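I opened this entry to learn my way around a new structure. I begin with what sits around the ligand, then turn to the core, one helix and the backbone.

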Amino acid sequence: MKTVKLIQAHQENLSKCRLCPKMIPPVIVGQPVKSDILLIGQAPGDKEGDLGRPFAWTAGKTMFKWFDSIGVSEQDFRANVYMSAVCRCFPGKNPKGGDRVPDKTEIETCSQWLNAELELIQPKLVIPVGKLAISQYMPVNKLVDVIGKKMKLDINGIAVEMLPLPHPSGASTWHRMSPGKELLEQALNLLAKHKSWKKLIK
Ligand code: SF4
């Protein structure tokens, strides 16, 4: 079976997943594209369920502005990059503010879907967005230690380059203030120069 058909079949199964009792469906998936690039977010927010796509609200607007600044529109990004996440359902609100961070069990449970996608897509470049996504692949003490760097990693036997980005959430000021602002610029410069990214530019 062709890879895109396999990805579609994977997403059909994923969409039916209800393994985490505290998670709020629907399961949010991106477009079923075979891509050199895999983006990994944290988890959808409360608006993504109605809108039916990842990064559909304010954090997405910020993130797509970053990508637009290096030559790729939101539409082209969605059509050509596989958009994944650590967890695919809305975790609910945190009573203290913001969205609840998925717990260890939920992350572990949902990792089967992400691992299946890595296997299917065989990406060359992985872009984890935010500390939770980055920390699935390397220890992250502080974001300043990892943003603005490109690493070579072996994930489940797949050799990839990883270029972490900060979370574009409106609740975070990290990417708007020094040194985060400059490190984000550095990361976007590295991304703009990457051969997998250049292939997205028409
Ligand atoms: S978060 Fe992931 S594992 Fe949990 S119910 Fe949603 S899709 Fe399934």
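I sorted the shell around the ligand by class: nine residues are nonpolar, one is polar and two are charged. Here Ala, Val, Leu, Ile, Met, Phe, Trp, Tyr, Cys and Pro count as nonpolar, Asp, Glu, Lys and Arg as charged, and the others, Gly among them, as polar. The model is predicted, with local features needing pLDDT of at least 70 and side-chain atom pairs pLDDT 80 or more, while totals for chains, interfaces and linings use all residues. Residues are numbered from 1 along each chain as its sequence is written, and side-chain values use heavy atoms, without hydrogens or water.

I listed the shell next (a heavy atom within 4 Å of the ligand). Among its members are Cys 17, Arg 18, Cys 20, Arg 88, Cys 89, Thr 109, Cys 110 and Trp 113. H5 gives the largest share, three residues. Helices are DSSP runs of H or I, at least four residues, and strands are runs of E, at least two, numbered from the N terminus.

Then I looked for the largest nonpolar core (buried Ala, Val, Leu, Ile, Met, Phe, Trp, Tyr and Cys joined through side-chain atoms within 4.5 Å). This core has 59 residues, and Met 63 is one of those with the most contacts inside it. Helix H5 (residues 104–121) supplies the largest share of this core, six residues. Buried means under 20% relative accessible area, exposed over 50%, partly exposed in between (1.4 Å probe, protein chains only).

What does Met 63 touch, leaving aside neighbours within four places in sequence? Met 63 is in contact (heavy atoms within 4.5 Å) with Leu 39, Phe 55, Met 83, Val 129 and Pro 168.

I followed Phe 55. Phe 55 sits in the loop between helix H2 (48–51) and H3. Its phi is positive, about 50 degrees, although Phe 55 is not a glycine. At 12% relative accessibility, Phe 55 counts as buried.

I checked H7 too. Its buried residues include Leu 183, Leu 184 and Leu 191. They fall within an arc of 140 degrees seen down the axis, so they line one face of the helix. The arc uses directions from the helix axis to the C-beta atoms. These buried residues pack against helix H3 (58–69), strand S3 (125–128) and H8.

Last, I noted two cis peptide bonds. One joins Pro 25 and Pro 26, with omega about 10 degrees. Another joins Ser 178 and Pro 179, with omega about 5 degrees. Most peptide bonds are trans.
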